[in-house]
Amino acid sequence: NGGDPMGIYYNSYELDLKHQLQHYVEWKVFVENQKEVLNNLRMEISLEPVPKTTKFGFDAGGGGWDKPSQEEMYVSQKDEKEHRYQVKLMQVKQLESQIRILDNCLEALTGTEAQIVKDRFIYGKKWEAVAIGAGCNEKTCRDKAHRAISKMSRMVYAEAGPSQTNLKFFPMGLSVS
């Protein structure tokens, strides 16, 4: 971009988007697996504590330390599991949100653009294979991919959108140089 600081700035959004697309499949599988982990953890948390039992006899003398009761240990374990559950749930919700954003962007692209982006950036195919799948030459395919990534970055990041707030129309026949 010829040393244009704005070009570098916008490019960072595109690089971030490409990184997200490269991890798209991993994130989807991770989310599904973590949902199973969360279900199991929720079942563990919902288990009832061991009922308190009556204790007969005298304690041996000499003292010692007070050990927590079974109920106290259960409550402590339940609190720790609840904390783990909340942390994992937040992770899953954040990734699900990111996946939905990427899905929305991919749906907004034309069929060919979406196919190119998926093949190249999500599935990691070589440009030659992407071009064959899209039915165009490699250069056209790369150009479409660049435009699609640029579009997607403007859909995801408000800062990457056009900075011009009003449109200027020029009468026919006038050229702007």
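# Reading a predicted helical model

Me: Which residue follows helix 5, and is its phi positive or negative?

Reply: Helix 5 gives way to G135, and the phi of this glycine is positive, near 75 degrees. The model is a predicted one, in which local features need pLDDT of at least 70 and side-chain atom pairs count only at pLDDT 80 or more, whereas totals for chains, interfaces and linings use all residues. Residues are numbered from 1 along each chain as its sequence is written, and side-chain values rest on heavy atoms, with hydrogens and water left out.

Me: How many helices and strands should I expect in the protein?

Reply: Both are DSSP runs numbered from the N terminus: helices are H or I runs of at least four residues, and strands are E runs of at least two. The protein has 6 helices and 0 strands, and its pattern along the sequence reads α-α-α-α-α-α.

Me: What share of the residues is buried, and how much accessible surface does the protein have?

Reply: A residue is buried under 20% relative accessible area, exposed over 50%, and partly exposed in between, with a 1.4 Å probe and protein chains only. Areas come from the Shrake-Rupley method with a 1.4 Å probe, and for residues only the protein chains shown count as cover. Of the 177 residues here, 25% are buried. The accessible surface is about 13100 Å², and carbon and sulfur atoms hold 55% of that area.

Me: What share of the contacts joins residues 24 or more positions apart?

Reply: A contact requires heavy atoms within 4.5 Å. Among contacts in the protein with a separation of 6 or more, 71% join residues 24 or more positions apart.

Me: Which residues of helix 5 are buried, and which are exposed on the face turned away from them?

Reply: The buried residues of helix 5 (residues 127-134) include W127, V130 and A131. These residues lie on the same side of helix 5 because they cover an arc of only 100 degrees around its axis; the arc is taken from the directions from the helix axis to the C-beta atoms. The face turned away from this buried side carries E128 and I132, both exposed. The buried residues of helix 5 pack against helix 4 (111-122) and helix 6 (138-156).

Me: Which residues touch the most other members of the largest nonpolar core?

Reply: A nonpolar core is a set of buried Ala, Val, Leu, Ile, Met, Phe, Trp, Tyr and Cys residues joined through side-chain atoms within 4.5 Å. The largest one has 30 residues, and L21, L109, V117, C141 and M152 touch the most other members. Two or more residues each come from helix 1 (5-22), helix 2 (24-46), helix 3 (70-108), helix 4, helix 5 and helix 6. Helix 3 contributes the most, with 7 residues. Leaving aside neighbours within four places in sequence, the contacts of M152 are L17, L21, L102, C105, L106, L109 and V117.

Me: Which residues make a nonpolar patch on the surface?

Reply: Patches consist of residues with over 30% relative accessible area and no salt bridge; like charges are joined within 9 Å, and nonpolar side chains (Val, Leu, Ile, Met, Phe, Trp, Tyr) within 5 Å. Here V25, V29 and Y123 make a nonpolar patch of about 280 Å². Y123 sits in the loop between helix 4 and helix 5 and is exposed, at 52% relative accessibility.

Me: How many salt bridges are counted, and which parts does the pair E44 and K81 tie together?

Reply: A salt bridge places a side-chain nitrogen of Lys or Arg within 4 Å of a carboxyl oxygen of Asp or Glu. The count is 9. In the bridge between E44 and K81, the closest N and O atoms are 3.0 Å apart. E44 belongs to helix 2 and K81 to helix 3, so this pair ties together parts that are 37 residues apart in sequence. Both residues are partly exposed: E44 at 33% relative accessibility, K81 at 21%.

Me: How far apart are E32 and K35, both along helix 2 and between their closest N and O atoms?

Reply: They are 3 residues apart in helix 2, which means a separation of about one helical turn. The closest N and O atoms of this salt bridge are 3.8 Å apart. D119 and K125 form another salt bridge, with closest N and O atoms 3.7 Å apart; D119 is buried at 10% relative accessibility, whereas K125 is partly exposed at 37%. Through shared partners, salt bridges also join E32, K35 and E96 into one network.
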